[in-house]
Amino acid sequence: MKNNKVIHALYTDDDVLMAAVKVVKAENHYIEEVYTPFPVHGLDKAIGLEPTRIAIASFMYGCVGLTVAVLMMNYIMIEDWPQNIGGKPSFSFMENLPAFVPIMFELTVFFAAHLMVITFYLRSRMWPFKGAENPDPRTTDDHFLVEIPINENEKELKSLLTKTGAVELHVIEKNDN
Amino acid sequence: MYKLSKRLKILSLALIIIGATGWFSSYTSSHHLTLEDVKTMLAEEDTHHGGDHLSSHNESSHSEMIQLHQDDHDVSSHAKGEHHKSSHAEHVLHQMHNRPYAALYVAAFFFMMISLGVLAFYGIQYASQAGWSPVLFRVMEAITYYLLPGAIIVLGIAIWADKHLFIWMDPHVVAHDELIQGKSSWLNKKWFIIRGILFILGWSMYRFFSRKFSIAQDNSDINDNSYFKKNFKISAAFLVFYIYSESVMSWDWIMSLDPHWFSTLFGWYVFASMFVSGITVIALITIYLKTKGLMDFVNDSHLHDLAKFMFGISVFWAYLWFSQFMLIWYANIPEEVTYFITRIEDYKLPFFGMLVLNFIFPFLVLMNSDYKRVPWFIVMAGVVILFGHYLDVFNMIMPATVGDRWFIGVPELSAVLLFSGLFLLVVFYSLSKAPLLPKGNPFIKESKQFHY
């Protein structure tokens, strides 16, 4: 049978939180999640999260944007309706390339930026009308919450977390699924 | 503390000697050329390439702006008549005479520009009170030590070469040229020399005092930051002076080679080039000293930041290059567009090759965050960037002086060897003069612990 009991430890300072996370990791406890009101520098490394791969996704989105721009400009300006703008030759993509570069640049940035943001939201499981996941609303204000699963070591964990400066401890039965 | 090793001394002296002899031999041989030699050479070229050359003129796929130039070209070089042929040969003879001067000038400017770019970077670090970079200050100070000799050499070559580089210094040309006459209140030799001396004086004074305060800060009491504050003040003042003087310097020393042509963002363009080359050299020398175990206080994150700058300024350079190109290409005004026509027609490989070397290669190689921390990646990208920016200077100077008679051969390579030897000698001599860690800088602890 799986134990769904977790402990929520609340902190009021990001430096104290960082020190606590390091102590908890050093004692070989698994940290399920940390909720913070703002990004805490270095916390991802302290918890042991894998580095993000969003940069790779962004690069691929940028390539898509560049391709879309090239195909679009070629279709609009060369194939479908060649236009004479400033006396530039309108029948060759390459000869007109300098005029298209700003559009290629803009669409590359546009695709990379927007799709990266959307990817980030989806990957964080945030979409419209999604209910908040954070267990305590104070984590959007001035509190930091560390969630640690309990494996018949409740007492030990509690004394450890109190020592690290937690201001509140709650044991909670998680009933997801 | 770095000690100037005997091997490095021998290497740089050897570079200087090889470069100097190579350059002098090409200089003397180009001066022995006579009009007759050139005429026979041109006749030979005509029999070899004549057919190709004519047919390429009739190709319909050329763009309009190239067409425009060809009409021009047809009039100037293919007009019939014996008189015109001999004046063409004379023109080619001049171009071939100019080549050793131009080759020397390109290399001298390239190494001077590295030093000037680093001086601006160094000034920015002080003015912004950057916390990450103080561990690199001694490397920057060493590179800027070359600025005074380097800039004097560039100005000296410009004055000595005279009309071989700057046609506006030739009174016969000016007499028949209304456009240059109109600019003669700015483009005259006396005022050119005075401006050059003022700029060199300003840059060198800043470099002298900043280095002096930097060393004095090391030796002063831990609670006394007065020298750092002085450095902050003179750096802020220098940056104002720098951006004006650098811009005017780029018009004087490069843009006036084509005295009819002008571009309003030329100063920025040259600045981007010198900035990225300078930062690259900081990274390369730091990596070299780190592999010797002399700069263990420099960590991955410092290299990462330098590589970020190399990446970012490469993109900035490409942005400025394209901004300058596209506006002139679009407007297609004859006196502006000739600048790019000569480069696209006669310098196709270096002109477009440098875009690959200076933009596409560093863009793709240094994009990944992890690669920016790998020394051999930085070295590889750095070598390519430096070569690319040498080509950039080459493309700015050669078309105005030697036209289509260019090649990267003995005079060019010798000049690069000569100045690289001098640069190495001066920079590493300066490195050996002070401890590599500026221990008195108030940000030194933050800088040592800097991490990303």
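A residue is taken as buried here if 20 or more other C-beta atoms lie within 10 Å of its own. In this predicted model, that cut-off picks out one helix of chain B straight away: 8 of the 8 residues of helix H5 (residues 137-144) are buried, so this helix is largely enclosed by the rest of the structure. The buried set includes B:Phe137, B:Val139, B:Met140 and B:Ile143, along with B:Arg138 and B:Glu141.

The surroundings of H5(B) come into view through B:Ile282. Leaving aside residues up to four places away in sequence, B:Ile282 touches B:Val139, B:Met140 and B:Ile143, and also B:Val118, B:Leu136 and B:Leu306. B:Ile282 is also one of the residues that touch the most other members of the largest nonpolar core, which has 113 residues; B:Val106, B:Ala107, B:Ala108, B:Met310 and B:Ile397 are the others named in this group. Helix H4 (residues 82-127) of chain B gives this core its largest share, 21 residues. At least three residues of the core come from each of domain 1 (1-30 + 112-256 + 418-452) and domain 2 (261-406) of chain B. A second, separate core has 15 residues, among them A:Ile7, A:Tyr11, A:Phe144 and A:Leu145. As general background, nonpolar side chains tend to be buried together in soluble globular proteins.

It is worth looking next at how the two domains of chain B meet. Their C-alpha centres lie 18 Å apart, and the contact takes 27 residues from domain 1 of chain B and 28 residues from domain 2 of chain B. On the domain 1 side, H4, H5 and helix H10 (226-253) of chain B each supply at least two residues. The largest share of that side, 7 residues, belongs to H4(B). By class, the domain 1 side comprises 21 nonpolar, 4 polar and 2 charged residues.

Chain A is likewise assigned two domains, domain 1 (5-37 + 142-173) and domain 2 (54-123). The centres of these domains of chain A, taken over C-alpha atoms, are separated by 48 Å.

An open sheet of 4 strands in chain A follows the order E2-E3-E1-E4, with antiparallel pairing. Its edge strands are E2 (33-35) and E4 of chain A, each of which pairs on one side only. On average, neighbouring strands of the sheet are turned by 20 degrees against each other, direction ignored. E2(A) and E3(A) are joined in the antiparallel sense by 3 bridges, and A:Tyr35 has A:Leu145 in E3(A) as its bridge partner. Helix H1 (residues 14-26) of chain A packs on the sheet and touches E1, E2 and E3 of chain A, its direction making about 15 degrees with that of E3(A). Helix H5 (residues 154-163) of chain A also packs on the sheet, touching E1, E3 and E4 of chain A, and its direction makes about 150 degrees with that of E4(A).

Strand E1 (residues 5-11) of chain A is joined to strand E4 (residues 168-173) of chain A by 6 antiparallel bridges, and it pairs with strand E3 (residues 144-149) of chain A, again antiparallel, over 6 bridges. A:Val6 illustrates both pairings: this residue stands opposite A:Ile172 in E4(A) and opposite A:Pro149 in E3(A).

Finally, the two chains meet through 8 residues of chain A in contact with 8 residues of chain B. Helix H4 (residues 97-123) of chain A contributes the largest share of the chain A side, 3 residues. That side has 5 nonpolar, 2 polar and 1 charged residues.

Note on methods: Residues numbered from 1 in each chain as written. Chains lettered and ligands numbered in written order. Predicted model: local features only at pLDDT ≥ 70, side-chain atom pairs only at ≥ 80, totals over all residues. Core = buried A, V, L, I, M, F, W, Y, C linked by C-beta atoms within 7 Å. Buried ≥ 20, exposed ≤ 12 C-beta atoms within 10 Å, placed from the backbone. Domains from an automatic or database assignment. Contact = placed C-beta atoms within 7 Å. Pairing = 2+ DSSP bridges. Nonpolar A, V, L, I, M, F, W, Y, C, P; charged D, E, K, R; others polar. Axes fitted to C-alpha atoms, helices over the stretch in contact; angles between N-to-C directions.
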